[in-house]
Amino acid sequence: QPVELLIDPTLAYSLCHAMVDWAQRFGEHLELHLERDPLQACALLRVRAHDSGHAGSAARLLHDAIEWLLLRQLAATDGGIELQRRATDEGVELSALFRRTVLAL
């Protein structure tokens, strides 16, 4: 279903670019999904990275590299974005939950 985000376009572009930059450290295969959160009336942007050649990605996941610090600052600038990172069986996933959205009926 369509989801309209209430966000400054420049900030949205910077956030998406920073999410891809962060995810590239964990793998060459990236998947991006923008969808409605099934549990809340919010939009959810997810980036999944996986590559069999990046052993130990989960161990590096919680290191606060410059890419993660930039993501946190961009989310804080907007004020309505929650970031979460986690390890999966295939690699890592970064998600941004957008609290300010307009959901189509």
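In strand 5, glutamine 84 finds its bridge partner in serine 95, where strands are DSSP runs of E of at least two residues, and helices are runs of H or I of at least four, numbered from the N terminus. Seven bridges join strand 4 to strand 5 (residues 92-98), and these two strands run antiparallel; strands count as paired if DSSP finds at least two bridges between them. This is a predicted model, in which local features need pLDDT of at least 70 and side-chain atom pairs count only at pLDDT 80 or more, while totals for chains, interfaces and linings use all residues. Residues are numbered from 1 along each chain as its sequence is written, and side-chain values use heavy atoms, with hydrogens and water left out.

The wider sheet is open and holds four strands in the order 2-3-5-4, with antiparallel pairing. Strand 2 (29-36) and strand 4 (81-87) stand at the edges with a single partner strand each, so one side of each has no neighbour in the sheet.

Moving inward, strand 2 and strand 3 pair in the antiparallel sense over eight bridges, and a hairpin of six residues joins them. Across this pair, arginine 36 stands opposite alanine 43 in strand 3. Strand 3 is in turn joined to strand 5 by seven bridges, again antiparallel, and here alanine 49 stands opposite valine 92 in strand 5. Six of the eight residues of strand 3 are buried, so this strand is largely enclosed by the rest of the structure; buried means under 20% relative accessible area, exposed over 50%, and partly exposed in between, with a 1.4 Å probe and protein chains only.
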